[in-house]
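Work through the exercises below with the model open beside you. Try each task before you read its solution.

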Amino acid sequence: MPPKAAYIFAFIDWLERERISVDFCSGLDISAGGANLANYDALVTIGHDEYWTADQLDAVRDFRNSGGHMIFFGGNLAFELVRETSDGSAIECYKESGDSYSGDSHDDERGEGGELLDPLLTASATLDARLTGPTWRVRHESTTPTTGVYNITRRPGAPGEVLIGGAMWWWEMFGGPSRPQCGFTICDPDHWVFEGLEINQGDTFGAETKLIGHEADGLEVEIRDARPQLTFADGALPGTRLLAVADGRKWGEWDFTAWPPTFSPGQQQTLGTYGGYVTMVYHEEPGKGMLFSAPTTDWVFGLVPSIDWTATRSLEPPLLPTDPVVEQVTRNVLHACHKRGERK
């Protein structure tokens with residue numbers, strides 16, 4: 001996958017071209033209180049924003065609850081729980097034993113697949129859930145109230161049912177085929193995020209730039225009267241508007257048996273191929289800031305020309321163009337944060 005810097009540099013290039021001035025911070029800055037979010041109207045995260053401390057999750061949620069706007073131009077949001085090192089200079093993350101790509105990582109009754117390796121789990125008889133364990137179960141509720149979407153959560157009222165949101169495609173990194181082209185199909189063309197664009201319901205954008213992936217989040221979707229709609233049975237925030245949807249379900253149905261094995265025989269089918277619906281959403285309610293989520297890691301690659309990094313078997317990977325819809329939506333959302341001015 002691209003280094004995190006690739007997402008950052010792409011976004012900075014676009015911001016400079018648009019003459020949009022921003023301040024930068026890390027998740028660790030937010031967690032430790034070094035970035036005072038109260039001084040800002042909006043917080044924007046991009047790319048692969050997977051690793052969050054419990055304090056960061058709380059700070060971001062409090063920020064929105066106090067009127068700050070939350071904008072997500074990235075995927076795999078707030079998935080792994082991490083903690084600060086004792087000197088506050090880095091983060092620690094302990095995952096599970098076994099093969100994390102086997103497809104079984106979230107299959108048992110607790111949504112776990114392997115032995116958790118964190119030494120804190122054996123150092124004390126009392127588990128401190130704020131310091132160890134996957135983020136998606138560090139609270140009784142999911143991270144959906146913060147990000148608007150999820151990658152893994154539990155069905156409300158049926159916590160034994162683990163839900164997978166969005167889609168993931170890692171196969172090009174393990175010797176498999178390049179990621180398929182997949183973009184968003186528009187569900188709500190009259191929403192202001194699409195202002196300035198000549199688009200219609202059912203139009204698709206971002207496919208040429210492989211906008212969906214390599215990791216993306218979503219919500220539960222059903223098709224009613226030939227139109228995608230949220231079920232709201234998975235804990236989606238009431239009033240969430242579905243702006244666009246990408247159907248990655250077939251990603252989990254590919255037959256990879258003809259491809260060479262990756263790390264060991266029998267590993268052709270991996271979590272890197274599971275698929276569901278990726279949902280671009282908007283949510284707003286009185287007293288809170290707006291929440292916009294375009295939850296795919298490669299969103300910012302629609303803002304600048306970029307080499308197709310998924311074409312790992314090509315000696316000359318193609319150059320992918322910018323996408324005018326990605327640019328205009330990004331522009332509209334950031335300008336909306338500015339126009340709304342002072343927080344309530």
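**Exercise 1: A salt bridge and burial**

Task: Decide how far E92 and its partner R83 are exposed, and find what joins them.

Solution. Start with E92: its relative accessibility is 28%, so E92 counts as partly exposed. The cut-offs are these: buried is under 20% relative accessible area, exposed is over 50%, and partly exposed lies in between (1.4 Å probe, protein chains only). Next take R83: at 10% relative accessibility, R83 counts as buried. Now join the two. R83 and E92 form a salt bridge, with their closest N and O atoms 3.3 Å apart. A salt bridge here is a side-chain nitrogen of Lys or Arg within 4 Å of a carboxyl oxygen of Asp or Glu.

A note on the source: this is a predicted model, in which local features need pLDDT of at least 70 and side-chain atom pairs count only at pLDDT 80 or more, while totals for chains, interfaces and linings use all residues. Residues are numbered from 1 along each chain as its sequence is written, and side-chain values use heavy atoms, with hydrogens and water left out.

**Exercise 2: More salt bridges**

Task: Describe the pairs E161 with R155 and D188 with R241.

Solution. First pair: the closest N and O atoms of E161 and R155 are 2.9 Å apart. E161 is partly exposed at 35%, whereas R155 is buried at 17%.

Second pair: D188 and R241 have their closest N and O atoms 2.7 Å apart. D188 sits in the loop between β10 and β11 (204-205), and R241 sits in strand β15, so this pair ties together parts that are 53 residues apart in sequence. Strands (E, at least two residues) and helices (H or I, at least four) are DSSP runs, numbered from the N terminus. D188 counts as buried at 14%; R241 counts as partly exposed at 38%.

Last step: look for shared partners. They join R17, E18, E327 and R331 into one network. The count of salt bridges comes to 15.

**Exercise 3: The nonpolar cores**

Task: Which element gives the most residues to the largest nonpolar core?

Solution. Define the term. A nonpolar core is a set of buried Ala, Val, Leu, Ile, Met, Phe, Trp, Tyr and Cys residues joined through side-chain atoms within 4.5 Å. The largest one has 46 residues. F73, F184, F205, M280, F292 and W299 have the most contacts inside it. Elements that each supply at least two residues include α1, β3 (69-75) and β16 (277-283). The answer is α6, with 7 residues. A second, separate core has 28 residues, among them L57, Y150, L219 and V281.

As background, nonpolar side chains tend to be buried together in soluble globular proteins.

**Exercise 4: Disulfides**

Task: How many disulfides are there?

Solution. Apply the rule: a disulfide is a pair of cysteine sulfur atoms within 2.5 Å. The count is 0. Compare the exposure of two cysteines. C25 is partly exposed, at 40%. C337 is buried, at 6%.
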